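I opened this entry to keep track of what I looked up in one structure. The notes follow the order in which I checked things.

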Amino acid sequence: MSPRLMTLLALLVAVLCSAVSVVYSRHSHRQTYIDLTRLQKQRDEFNVEFRRLQTEQATVSETNRIVGIATDKIGMHFPLDNETTVVQP
């Protein structure tokens, strides 16, 4: 084989390897972008759930605080079953 033919063959192999590398990189980039989009959507859903839980926690904490004040400082308590009467409309 002549050196010129070997050089041409080596360049052809290099070009083919570069083309395969570009295709693989683009595919990998596309897959990474899809994964990123999915994770961002999941993050947004978690943030909404977290805000809902914070609101719920604040409500429960406020209710517990009020019940604590009513029982400890004022002496109030929840009525027992025999102390309540259900009134039908």
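**Charges and overall form**

I started with the charges: the chain carries 10 positive and 9 negative side chains. The centres of these two sets are 23 Å apart. I noted at this point that the model is a predicted one.

Next I looked up the secondary structure. The chain has one helix and zero strands. The helix, H1, covers residues 3-74.

I then checked the overall dimensions. Along the principal axes, the C-alpha atoms fill a box of roughly 110 × 35 × 15 Å. The radius of gyration of the chain is 35 Å, whereas a compact globule of 89 residues would have one near 12 Å.

How much of the chain is buried? I found that buried residues make up 1% of the 89 residues. The accessible surface of the chain comes to about 8700 Å². Carbon and sulfur atoms account for 65% of that surface.

**Salt bridges**

I turned to charge pairs with one general point in mind: side chains of opposite charge can pair when their charged atoms come close. The count of salt bridges came to six. I wrote down three of them in detail.

The first entry is Asp 35 with Arg 38, where the closest N and O atoms are 3.9 Å apart. The cut-off for a salt bridge is 4 Å, so this pair at 3.9 Å still counts. Both residues, Asp 35 and Arg 38, lie in helix H1, three residues apart, which is about one turn of the helix. Asp 35 has a relative accessible area of 29%, so I listed Asp 35 as partly exposed. Arg 38 is also listed as partly exposed, because its relative accessibility is 49%.

The next entry is Arg 52 with Glu 49, whose closest N and O atoms are 2.6 Å apart. Arg 52 and Glu 49 are again both in H1, with three residues, or about one turn of the helix, between their positions. I have Arg 52 at 42% relative accessible area, so Arg 52 is partly exposed. Glu 49 is at 35% and therefore counts as partly exposed.

I also looked up Arg 65 and Glu 62, whose side chains meet in a salt bridge at 3.0 Å, N to O. Arg 65 and Glu 62 both belong to H1 and sit three residues apart, about one turn of the helix. Arg 65 is partly exposed because its relative accessible area is 47%. Glu 62 is at 36%, so Glu 62 is partly exposed. I added that salt bridges with shared partners join Glu 49, Arg 52 and Glu 56 into one network.

**A nonpolar patch**

Which residues make the nonpolar surface patch? My list reads Met 1, Leu 5, Met 6, Leu 8, Leu 9, Leu 12, Val 13 and Leu 16. The patch has an area of about 830 Å². I picked out Leu 9, which is found in helix H1. Leu 9 counts as partly exposed because its relative accessibility is 43%. Patch residues need over 30% relative accessible area, so Leu 9 at 43% meets that part of the rule.

**After the helix**

My last check was Thr 84, which is found in the segment after H1. Thr 84 has 41% relative accessibility, so I listed Thr 84 as partly exposed. How far apart are the C-alpha atoms of Thr 84 and Ala 70? I found a separation of 19 Å, with the two residues 14 residues apart along the chain.

Notes. Residues numbered from 1 in each chain as written. Predicted model: local features only at pLDDT ≥ 70, side-chain atom pairs only at ≥ 80, totals over all residues. Heavy atoms only, no water. Patch = residues over 30% accessible without salt bridge, like charges linked within 9 Å, V, L, I, M, F, W, Y side chains within 5 Å. Areas by Shrake-Rupley, 256 points an atom, 1.4 Å probe, with all protein chains shown as cover. Helix = DSSP H or I, 4+ residues; strand = E, 2+ residues; numbered from the N terminus. Buried < 20%, exposed > 50% of the residue type's maximum accessible area, 1.4 Å probe, protein only. Rg over C-alpha atoms; globule rule 2.2 N^0.38 Å. Lys, Arg positive; Asp, Glu negative; His and termini not counted. Charge placed at Lys NZ, Arg CZ, Asp CG, Glu CD.
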